[in-house]
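Work through the exercises below with the structure open. Try each task before you read its solution.

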Amino acid sequence: MEAYALCWCGSGTKYKWCHHRREEQPKVDIFAVDAQMRSLAEKGYCSHPAASASTCTKISKAHTVQRRGGLAAIADEGHVLTVKPTMKGMIESEGAPGPRRIGVGQASVFPGFCSAHDTELFGPVEGKDVDLTATTASLLGFRAIAYERFAKALQLETLTIQRQMDSGHSFFHQRAIQRHIYAIEWGVRRGLRDAERWKADYDAALTSGDTSGLSFVAIRFDRTLPVVGCGAFHAEFDLQGKPLQRLTRGDLAFDYVAWNMTAYDGRTVVVFSSICPRGGPAVQFMESVNQLAEGRMADAMIRIAFEQSDNLFLKPGWWESLTDNERSALQGRAQSGTPSQARPMDCLVDAGTNYAKAEVAELVVDLKS
Ligand SMILES: [Zn+2]
Ligand SMILES: [Zn+2]
């Protein structure tokens with residue numbers, strides 16, 4: 001390849017400074033890469049709509065799931081399980097690591113708000129209990145989306161680091177790694193662009209206090225379910241297996257659903273919300289949640305959590321109590337929806353599993369259909 005042409009790998013850098021003689025360069029130290037990625041994750045900024053140098057204070061380690069009541073409700077001896085793998089775990093388990101233990105103080109943190117805005121904004125959803133209203137649904141949804149944007153931006157930065165991982169390997173190997181990263185990168189870029197669009201909608205609703213465009217379903221169970229988490233996802237299939245939208249390449253805007261699953265006062269609360277077109281895919285998704293038989297809702301919440309997010313935390317004792325088959329079925333969902341594994345249409349359909357049992361204590365539905 002000509003030295004000053006753009007490199008074949010798609011990095012946008014000239015060949016001479018990119019893959020030229022990479023097979024002769026030293027191999028990358030995995031632990032150094034892990035450390036580099038962790039320090040990236042600690043670099044924060046404030047996601048409040050009114051964030052500015054004059055209004056923001058120090059960036060805090062905000063929790064995506066509140067620590068007291070939420071994470072604490074599922075912890076065993078101060079620990080929960082996370083399904084997010086480390087680079088080391090990926091390599092040691094040949095790409096299929098199981099959930100790992102972390103302390104509740106480290107679980108679900110992200111440096112996405114300054115402490116002043118964090119306290120001011122999330123007061124209504126940080127108490128011992130919560131009212132299930134459009135206001136609290138919009139706050140929880142906003143936090144889920146701010147996290148999602150943060151996570152996507154971070155993922156994009158870590159891909160840059162991962163592009164160096166083929167150092168010291170043959171051209172054949174380099175090409176395989178770069179192709180893999182290229183395929184992921186496309187999805188991450190679109191995810192980031194979408195998350196920015198979604199956040200702009202929630203920013204506007206929070207700033208004006210006008211939640212009239214918000215659709216939501218909020219479920220309160222009569223006890224604690226063994227999973228908490230939050231995030232936002234494209235609604236691809238509903239809970240009866242109906243396709244809602246086909247995610248294609250290009251610039252189309254796709255409907256999304258923000259998801260929060262946490263506990264207040266010993267009872268799990270799950271909120272789905274979206275600011276999106278009337279009657280569209282997101283509204284249909286939430287309608288399909290509303291149509292579940294009440295006795296099957298708890299199980300469906302576990303299914304959705306594993307299928308649609310990796311920002312989820314598990315009660316260790318519960319995970320250990322599952323059968324091997326149940327564990328591998330849930331873990332299989334964590335790989336779903338990636339470039340190497342498209343989501344099956346029936347991914348959210350009830351297969352009669354028994355992950356958790358709980359009665360619905362309160363159900364609030366406000367859909368703009
Ligand atoms: Zn290159
Ligand atoms: Zn701030």
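A charge sits over a ring if NZ of Lys or CZ of Arg is within 6 Å of the ring centre and within 35 degrees of the ring normal. Keep in mind that this is a predicted model.

**Exercise 1. Charges over rings**

Task: Find which ring K16 lies over, and which ring the charged end of R143 sits over.

Solution:
- Step 1. Start at K16. It lies over the face of W17, at 5.2 Å from the ring centre.
- Step 2. Go to R143. Its charged end sits over the ring of F122, 4.6 Å from the ring's centre.
- Step 3. Look at what else F122 does. It belongs to one aromatic cluster with Y45, F110, F113, F142, Y147 and F150.

**Exercise 2. A pair inside the cluster**

Task: Classify the aromatic pair of F110 and Y147, and locate both residues.

Solution:
- Step 1. A pair of aromatic rings is described by the distance of the centres and the angle of the planes.
- Step 2. The structure holds 14 aromatic pairs. For F110 and Y147, the values are 5.6 Å centre to centre and 80° between the planes.
- Step 3. Planes over 60 degrees apart count as edge-to-face, so the F110 and Y147 pair is edge-to-face.
- Step 4. F110 is in strand β4 (residues 109–114), and Y147 is in helix α5 (residues 134–162). The pair links distant parts of the chain, 37 residues apart.
- Step 5. Both F110 and Y147 are buried.

**Exercise 3. A second pair**

Task: Explain why the pair of W198 and Y256 is stacked.

Solution:
- Step 1. The ring centres of W198 and Y256 are 4.4 Å apart, and their planes are at 20°, so the pair is stacked.
- Step 2. W198 lies in helix α6 (residues 171–208) and Y256 in strand β7 (residues 256–264), so the pair ties together parts 58 residues apart in sequence.
- Step 3. Buried means under 20% relative accessible area. W198 has 5%, so it is buried. Y256 has 3%, so it is buried as well.

**Exercise 4. Two domains**

Task: Describe how domain 1 and domain 2 meet.

Solution:
- Step 1. The domain assignment gives domain 1 (15–77 + 108–204) and domain 2 (214–366).
- Step 2. Their centres, taken over C-alpha atoms, are 21 Å apart. The contact takes 38 residues from domain 1 and 48 residues from domain 2.
- Step 3. About 3400 Å² is buried between the two domains, and carbon and sulfur atoms give 60% of that area.
- Step 4. On the domain 1 side, I74, L132 and W198 lose the most area to domain 2, together 21% of what that side buries.
- Step 5. The rule finds three salt bridges across this interface.

How values were computed. Residues numbered from 1 in each chain as written. Chains lettered and ligands numbered in written order. Predicted model: local features only at pLDDT ≥ 70, side-chain atom pairs only at ≥ 80, totals over all residues. Heavy atoms only, no water. Phe/Tyr/Trp six-rings, centres within 6.5 Å; stacked < 30°, edge-to-face > 60°. Helix = DSSP H or I, 4+ residues; strand = E, 2+ residues; numbered from the N terminus. Buried < 20%, exposed > 50% of the residue type's maximum accessible area, 1.4 Å probe, protein only. Domains from an automatic or database assignment. Contact = heavy atoms within 4.5 Å. Buried area = accessible area lost by both parts, 1.4 Å probe. Salt bridge = Lys/Arg side-chain N within 4 Å of Asp/Glu carboxyl O.
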